[in-house]
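Me: Please take a close look at a single part of this model and walk me through it slowly, linking each point to the next. I am in my first year, so longer explanations are welcome.

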Amino acid sequence: MLQADAAPIAADQGYTSRERVAIILSCMLGFALDLYDVLIMPFLMGSIQRSLNISLGQVASVTSLTLIGSVLGGALFGWAGDRIGRRQSLLLTLGVFAIGSIASAFAWDYASLAMLRFVTGVGLGGEWGAGMVLFNEAWNKERRGLGSAFIQGSAVIASAGASIVGVWATTSFSLEWGWRIALLTGGSPLLLMIFIRFFMPESKAWLQFDRQRKAGTAPVAARSTNTLAAMFGRDLIKVSVMSLLWMMGYMFCYYGVVVFMPTLLQRSLGTPPDIIRNISVVASFVGGLSYISMGLLNDKFGRRFGALVPALGWIVMVGGLYVYGHQAFGGSVLGFPMLWIYFAFVIGNSALGVVGTWLSELYPIEVRSTAVSVVYMAGRGVGSLAPVVVPMVAAASGGQLAAGMLIVAPALFVFLAMTLMLPETRGRDLSVHASARIRQQAI
């Protein structure tokens, strides 16, 4: 008779409805707070620049340093997720993230701001991977796409919240305090940590794997402590390289537009701040609907479908920037081409809804947290180059910001190409017992 830890149970069995609700709520809030902390910076750039008397390039590089820090955090907390558990890693990363964000509100010059936002980035780096892996290991495999879309769709909360708080703080308080108050709101993950501590369960699939590892009954390939090296081992290197290119293409395209869209609208096209806020809020709801729709469709038609279809919006966005990126706001919101270009952009963003599930299904349990975090955050690291590259290209194009933003087009091509090449994984079992099969299918 098989022992309980050796029985081939599905990864998503054994959770109560209350536990599943706690998991998805924690993941949604965690991701929303993570992205909020990144997306609020574009609304604060002008105030920070004037308050600390630094250049636009310096303040833009702060966002880059935050994203670079997230790469380090992804590797560190991804490894922790595989060694000490998904839930414990999530608690640790939220703590670092919150403390770094609060501390950065008290920066006194460029160097201190850059250092503290880098620390914030380290915390940001582990949150997404730990939460997303736990979710996918606990959720019904037939509905992972929709659940993942809800988590990624919480980006609409982040985007709307960032625009509302960013505009409110910088217009309601002094130049010196507005951006600081906005950054202080990044400490809210401390409250989420309390909820997770008392209500969110650990992944049962990981607990079963950990018991087998400690008992010495886990497969030899699953016992290595160097999970980063394991994700680039002979069995997984092909899928890891494709996944990295895939995520790098997405993130460069995303950050090459989202960081500069408020500046393009306000400074280059003369759009009033309240109109920018309203466009951002409405666009967030459009993006949310797109996330949910794509989640339903990628459960029905597959992960590749869930990435390719929304990416068509980015193709429209690139074309729109090329044709209308220099047309100033004329007073009519509905007649403003950038409104519809913004909508196409947020629809394209919903390709991210499939990422957490697809990456989780590509890797065996012993390296899953490491691989998902490293791939996602390495993508963010490459995305961090966009806030530096876009102004350089814009300057070489006569100061036209829209022209600089078009540098995202090659990255979009890479994303589309890798989407077509990655193996389809819809419906995969993520249990301990499926790991050998996942490795074989990755070759």
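Reply: In this predicted model, N53 has a relative accessibility of 70%, and because exposed means over 50%, N53 counts as exposed. The residue sits in the loop between helix 2 (41-52) and helix 3 (56-83). Its backbone deserves attention as well, since the phi of N53 is near 55°, which is a positive value in a residue other than glycine. For background, most residues other than glycine have a negative phi.

A useful contrast to this exposed loop residue is helix 18, which covers residues 368-383 and is mostly covered, with 15 of its 16 residues buried. From its first C-alpha to its last, helix 18 reaches 22 Å, close to the 22 Å expected at 1.5 Å a residue. Helix 18 packs with helix 5 (residues 110-138) at an angle of about 135°, their axes being 8 Å apart, and the two helices are therefore oblique to each other. The crossing of helix 5 past helix 18 is right-handed. Among the residues that make this contact are L124, W128 and V133 of helix 5, together with V372, Y376 and M377 of helix 18.

How far the model can be trusted is a separate matter. The protein averages a pLDDT of 87, and 94% of the residues score at least 70, but pLDDT stays under 50 over residues 1-8. Where pLDDT is low, the predicted coordinates should not be read in detail.

Technical notes. Residues numbered from 1 in each chain as written. Predicted model: local features only at pLDDT ≥ 70, side-chain atom pairs only at ≥ 80, totals over all residues. Heavy atoms only, no water. pLDDT = per-residue confidence, 0-100. Contact = heavy atoms within 4.5 Å. Helix = DSSP H or I, 4+ residues; strand = E, 2+ residues; numbered from the N terminus. Expected span 1.5 Å × (residues − 1). Buried < 20%, exposed > 50% of the residue type's maximum accessible area, 1.4 Å probe, protein only. Axes fitted to C-alpha atoms, helices over the stretch in contact; angles between N-to-C directions. Parallel < 35°, antiparallel > 145°, perpendicular 65-115°, else oblique. Left-handed = near helix turned anticlockwise from the far one by under 90°.
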